[in-house]
Amino acid sequence: MPNWPPDPNKRPDTSANQPTPIQQPSPPSGQEWRLLENTLLASVVEQRRARRWSIFFKLLTFGYILLIFLTLGRGCSSTPTGIDAVDTSEPHLAVVELQGVISSGDEANAYDVNEALTRAFENSNSKAVVLDINSPGGSPVQSDEIWQTMMELRQEYPDKKLYAVIGDIGASGAYYIASAADEIYVNPSSLVGSIGVIMSSYNVEGLMDKVGVKDRTMTAGEYKDILSMSRPLTDYEEAHVDKVLANTHKHFIDAVKEGRGDRLKDPEQNKLFSGLFWTGEQSIELGLADKTGSIASLEKELELDTAINYSPTDPLESFMDRFAVKLGAGIGSSVNLGVLPQEDGNVEMH
């Protein structure tokens, strides 16, 4: 039985209530210190390396942006560029390029080509003008505008000959333009011709029925959906489209006949206006071209030591090209003079 009352002179035993002392960890050994030190040093080195790369890429980006602004500044300044920066005071062959698809939104557009042709003819030191063609065709409107300018310049400057040199291809709208030249030079393997019209259209009504797709197109105008892919053409619509294509084809044929004249060899018999195309060698036999040659051979034939390109140049575009970056976007046209495949419902002229 415990003693009661407790002795006031005796201190109670509090050892059972005391917390257990925390055991201090033993200091790391020398090998552990070295491992910890190496880990911390490696982390610091990695952070420094990441910081250096971050600074490098920031400086690189800043330099790239600064270079673009400097290039744009030069392009907007009064410093001459393109043909203005070239010495045209000596006799030379004036070259104007027609490269790629002919369209108002592309490099081969009537405004730029006509401006270059006009400047080439106006320069008294250009002894001849040559259109350097490598194009499958394109817009009939743009092609006709260039053709008309070429015919007008030939009349205005009768003593200065206008040549067309076809490279890989000069077909459809490109040949439309070439026909306005005094002479057409080709490579034996060039593709030439394609004088015709085509409108691509498809009827996927059966496929739509299979997958359960319904056409809900709404129109104001009886024939507004004349090229709809969800229904066939009526007889009246088909006849109407035939007339449109035939009329456009006639414009093409008339331009070629006026440009080439009697040099065309029996167009009906040889089906020159059927949409077929030929090699450069065959085109000479058919009267679509005059002889084989290139810019270099023409320069030699005319006994000129210099050929100067009059085509406009864009400083920003040249800068981006040097970095192998292709910029720009074209807007598709519903009517094209070309031999390239088109999207559904588009019109090509061959």
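Which residues does L98 touch, not counting those up to four places away in sequence? The list runs A108, V113, L131, D132, I133, N134, S135, I146 and I177. Keep in mind as you look around that this is a predicted model.

**The chain overall**

The chain has 350 residues, and 33% of them count as buried. Nine helices and 12 strands make up its secondary structure elements. If you take contacts between residues at least 6 apart in sequence, 74% of them join residues at least 24 apart.

**L98 and the core around it**

Back to L98: you'll find this residue in strand β1. Its relative accessibility is 0%, so L98 counts as buried. One of its contacts, A108, sits 10 residues away along the chain, and the two C-alpha atoms are separated by 5.5 Å.

L98 also belongs to the largest nonpolar core, which has 46 residues; L98, L117, L131, M150 and L288 have the most contacts inside it. At least two residues of this core come from each of β1 (92–99), α2 (110–122), β2 (126–135), α3, β4 (162–171), α4 (173–178), β5 (183–186) and α6 (235–260). The most generous of these is α2, with six residues. There's a second, separate core too: it has 10 residues, including L93, V130, Y163 and I295. As background, nonpolar side chains tend to be buried together in soluble globular proteins.

**Helix α3 and its partner α2**

Now for α3, which covers residues 140–156. Its 17 residues reach 24 Å from the first C-alpha to the last, close to the 24 Å expected at 1.5 Å a residue. At the N-terminal end, S139 acts as a cap, with a side-chain oxygen 3.3 Å from the backbone nitrogen of V141.

The buried residues in α3 are P140, Q142, S143, I146, W147, T149, M150, M151 and L153. M150 is worth a closer look: leaving out residues up to four places away in sequence, M150 touches L117, L131, L162, I177, A180 and A181.

How do α2 and α3 pack, in angle and in distance between axes? The angle is about 10 degrees and the axes are 9 Å apart. Since angles under 35 degrees count as roughly parallel, that makes α2 roughly parallel to α3. On the α2 side of the contact are A110, V113, N114, L117, T118 and F121, and they meet Q142, E145, I146, T149, M150 and L153 in α3.

**Some loop residues**

Most residues other than glycine have a negative phi. S172 and D266 are two to check here: S172 has a positive phi near 55 degrees, and D266 has a positive phi of about 45 degrees.

| Residue | Loop | Relative accessibility |
|---|---|---|
| S172 | between β4 and α4 | 0%, buried |
| S190 | between β5 and β6 (191–193) | 1%, buried |
| D266 | between α6 and β8 (277–279) | 45%, partly exposed |

Where does S190 lie, and what does S190 contact? S190 lies in the loop between β5 and β6. Apart from neighbours within four places in sequence, S190 is in contact with I166, G167, D168, W278, T279 and G280. At 1% relative accessibility, S190 counts as buried, because buried means under 20% relative accessible area. D266, at 45%, is partly exposed.

Methods. Residues numbered from 1 in each chain as written. Predicted model: local features only at pLDDT ≥ 70, side-chain atom pairs only at ≥ 80, totals over all residues. Heavy atoms only, no water. Helix = DSSP H or I, 4+ residues; strand = E, 2+ residues; numbered from the N terminus. Expected span 1.5 Å × (residues − 1). Buried < 20%, exposed > 50% of the residue type's maximum accessible area, 1.4 Å probe, protein only. Polar contact = N/O pair within 3.5 Å; in protein donor to acceptor, adjacent residues only side chain to side chain. Core = buried A, V, L, I, M, F, W, Y, C linked by side-chain atoms within 4.5 Å. Contact = heavy atoms within 4.5 Å. Axes fitted to C-alpha atoms, helices over the stretch in contact; angles between N-to-C directions. Parallel < 35°, antiparallel > 145°, perpendicular 65-115°, else oblique.
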